Amino acid sequence: PSSVQLPQWLLRSGSDILKTHPIVAVDRRGIGMSGALDCRDVYERQEMLDQAQFAAGDDPVANLGTVTMTATTSCTDTIAPGDSAYDNAHAAEDLERLRSTWDVPTIALLGIGNGAQVALAYAGSHPDKVARLALDSPLPLAIGAEAAAEQQIKGQQAALDAFAAQCVATNCALGPNPKAVVDSLLSEARAGRGPGGASVATLVDAITMALGFPQGDRVAATNNLAGVLAAARAGAPNPIADLITEAENVRLTDGRIVN
């Protein structure tokens, strides 16, 4: 959520801009400080988290598709008749309501990731109310799910490469080959020996969140993650378990799934 990430950015640099330009972090409906949405049962949540890799049969993709369709029906029933109010158009109108309420003539929008789609929707419906529009990593128009997933994986790999280079430069706890440590942890998880019983999916989500949303400056964030991974490699699962829990709380809520 933007309300979580914006303070982290301003801790590192750029807080002086607040003296002359107020910045407002706007979360999508159903995440952030919204009331928790509970529309998947425990089984559905865990199967989606594990990507159905432990389900019976030899086709986890089909198993995951079945579970996802069931969960979709459950969530649609739970939030009906408001299930159509979570799209980009409604999110854009939330921005317009804020602008109108604060009586601001025009606003500058910074859309990041999925937020870029909301920013584009607002610019399309209220072009005369946009002073500036900055888009960070928006998805191309009409992109397919497979292409979007491929772009996401490439971005994650680039972030891991940058982390490894920074880790080596600062002589972090992972030694001269940080990516080898990550690979070994994932291999152990595939074999059912992940730290604290963690699956590949939960480990990847935790590491991805730490890379994408670092806390503190770059060096401190790198060393913190390196320490967590080094502890997991040494057989101390608590730090990585805490990181997994944080990732699940921020990124894997039912509200995020609905969005």
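Me: Before we look at anything else in this predicted model, which residue follows helix α2, and what is the sign of its phi?

Reply: Helix α2 is followed by glutamine 51, and the phi of this glutamine is positive, near 55 degrees. At the other end of the helix, the N-terminal one, aspartate 41 acts as a cap, with a side-chain oxygen that lies 3.1 Å from the backbone nitrogen of tyrosine 43.

Me: How should I read the sides of a helix, and which residues of α2 are buried?

Reply: The general idea is that an α-helix has 3.6 residues a turn, so residues three or four places apart point the same way. In this structure, α2 runs over residues 42–49, and its buried residues are Glu44, Glu47, Met48 and Leu49.

Me: What covers those buried residues of α2?

Reply: The cover includes four other helices, namely α3 (60–79), α8 (200–212), α10 (238–251) and α11 (254–258). We can take a residue from one of these, threonine 208, which is found in helix α8. Threonine 208 has a relative accessible area of 18%, and it counts as buried because the cut-off for that word is under 20%. If its neighbours within four places in sequence are left aside, threonine 208 is in contact with Gln156 and Arg251.

Me: Now I would like to read the disulfides; how many does the structure hold?

Reply: The structure holds two disulfides, and a disulfide is recognised here by a pair of cysteine sulfur atoms within 2.5 Å. One of them joins cysteine 39 to cysteine 75, with an S to S distance of 2.0 Å. Cysteine 39 lies in the loop between α1 (2–12) and α2, whereas cysteine 75 lies in helix α3, so this pair ties together parts that are 36 residues apart in sequence. Cysteine 39 is buried, at a relative accessible area of 6%, and cysteine 75 is buried as well, at 7%.

Me: Why is the disulfide of cysteine 39 and cysteine 75 called right-handed?

Reply: The handedness is read from the torsion about the S-S bond, which for cysteine 39 and cysteine 75 is about 75 degrees, so the disulfide is right-handed.

Me: What can be said about the link between cysteine 167 and cysteine 172?

Reply: Cysteine 167 and cysteine 172 are joined with an S to S distance of 1.7 Å, and with 95 degrees about the S-S bond their link is right-handed. Cysteine 167 is buried, with a relative accessible area of 0%, and cysteine 172 is buried with 8%. When the bonded cysteines of the chain are numbered in sequence order, the pairing reads 1-2, 3-4.

Note on methods: Residues numbered from 1 in each chain as written. Predicted model: local features only at pLDDT ≥ 70, side-chain atom pairs only at ≥ 80, totals over all residues. Heavy atoms only, no water. Buried < 20%, exposed > 50% of the residue type's maximum accessible area, 1.4 Å probe, protein only. Helix = DSSP H or I, 4+ residues; strand = E, 2+ residues; numbered from the N terminus. Contact = heavy atoms within 4.5 Å. Polar contact = N/O pair within 3.5 Å; in protein donor to acceptor, adjacent residues only side chain to side chain.
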